[in-house]
Amino acid sequence: MKRDDSPKRDEAPKRPYQNAVALAYRNGEGAPKVVAKGRGLVAEQIIAVAAEAGVYVHESKELVSLLMDIDLDRQIPPTLYRVIAELLAWLYHIEAAKKSGTAPPPAPDTEAALPPPTSTTTSGEP
């Protein structure tokens, strides 16, 4: 008997789980806050909502992994200020390029700005 390992027509191909984190920053707040985070279908919805709203999405598994440890509605820890500041500056330059009709800048290397692996982020009360 032959074994059929091919996916069925109505089955979606298996994909690794994806994580996503959404940050928001408002003038006057100390630091950006984690406003949404999730895995799998929730992550896909976060990314879809961002795309619909015209929000740029930056992919960094390492950064998302660190941000997933932060509780919802909590500010990012100081160890992530630099990398998030670089991403915010990149978004600002993308918007400026869009308005002026010039080419958008390349995404920053967030791995270089991440804290060393030995440091930890916390999600507890300050």
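The following dialogue discusses how to read several features of a predicted model.

Colleague: On what basis are the values to be read?

Modeller: This is a predicted model, in which local features need pLDDT of at least 70 and side-chain atom pairs count only at pLDDT 80 or more, while totals for chains, interfaces and linings use all residues. Residues are numbered from 1 along each chain as its sequence is written, and side-chain values use heavy atoms, with hydrogens and water left out.

Colleague: Which pattern does the protein follow along the sequence?

Modeller: Helices (H or I, at least four residues) and strands (E, at least two) are DSSP runs, numbered from the N terminus. Here there are 4 helices and 2 strands, and the order along the sequence is β-β-α-α-α-α.

Colleague: What percentage of the residues in the protein is buried?

Modeller: A residue is buried under 20% relative accessible area, exposed over 50%, and partly exposed in between (1.4 Å probe, protein chains only). Of the 126 residues in the protein, 25% are buried.

Colleague: How should one read a helix with a buried side, and which residues of H1 are buried?

Modeller: An α-helix has 3.6 residues a turn, so residues three or four places apart point the same way. In H1, the buried residues are Ala43, Ile46 and Ala50. They lie on the same side of H1 because they cover an arc of only 60 degrees around the axis, where the arc is that of the directions from the helix axis to the C-beta atoms. The other side of H1 has the exposed residues Leu41, Gln45, Val49, Ala51 and Glu52. As to its length, H1 has 12 residues and reaches 16 Å from its first C-alpha to its last, close to the 16 Å expected at 1.5 Å a residue; the expected span is 1.5 Å times one less than the number of residues.

Colleague: Which residues of H3 are buried, and which exposed residues does the face turned away from them carry?

Modeller: Val83, Ile84, Leu87, Trp90, Ile94 and Ala97 are buried in H3. Seen down the axis, these buried residues fall within an arc of 140 degrees, so they line one face of the helix. Arg82, Tyr92, Lys99 and Ser100 are exposed on the face of H3 turned away from its buried side. With 20 residues, H3 reaches 28 Å from its first C-alpha to its last, close to the 28 Å expected at 1.5 Å a residue.

Colleague: Arg82 lies in helix H3; why does Arg82 count as exposed?

Modeller: Arg82 counts as exposed because its relative accessibility is 52%. The C-alpha atoms of Arg82 and Thr110 are separated by 9.3 Å, although these residues are 28 residues apart along the chain.

Colleague: How is a nonpolar core to be read, and which elements give two or more residues to the largest one?

Modeller: In soluble globular proteins, nonpolar side chains tend to be buried together. A nonpolar core is a set of buried Ala, Val, Leu, Ile, Met, Phe, Trp, Tyr and Cys residues joined through side-chain atoms within 4.5 Å. In this model the largest nonpolar core has 16 residues, and those with the most contacts inside it are Leu63, Leu67, Ile70, Ile76, Leu80, Val83 and Ile84. Helix H2 (61-68) and helix H3 (81-100) are the elements that give two or more residues to this core. The largest share, 5 residues, comes from H3.

Colleague: Where is Asp73 found, and what is notable about its phi?

Modeller: Asp73 is found in the loop between H2 and H3. Its phi is near 65 degrees, a positive value in a residue other than glycine. Asp73 is exposed, with a relative accessible area of 53%.

Colleague: What do Pro32 and Arg39 show about the strands?

Modeller: Pro32 is in the loop between S1 and strand S2 (33-39) and counts as buried at 9% relative accessibility. Arg39 lies in strand S2 and counts as exposed at 53% relative accessibility. The C-alpha atoms of Arg39 and Asn19 are 4.4 Å apart in space, with the two residues 20 residues apart in sequence.
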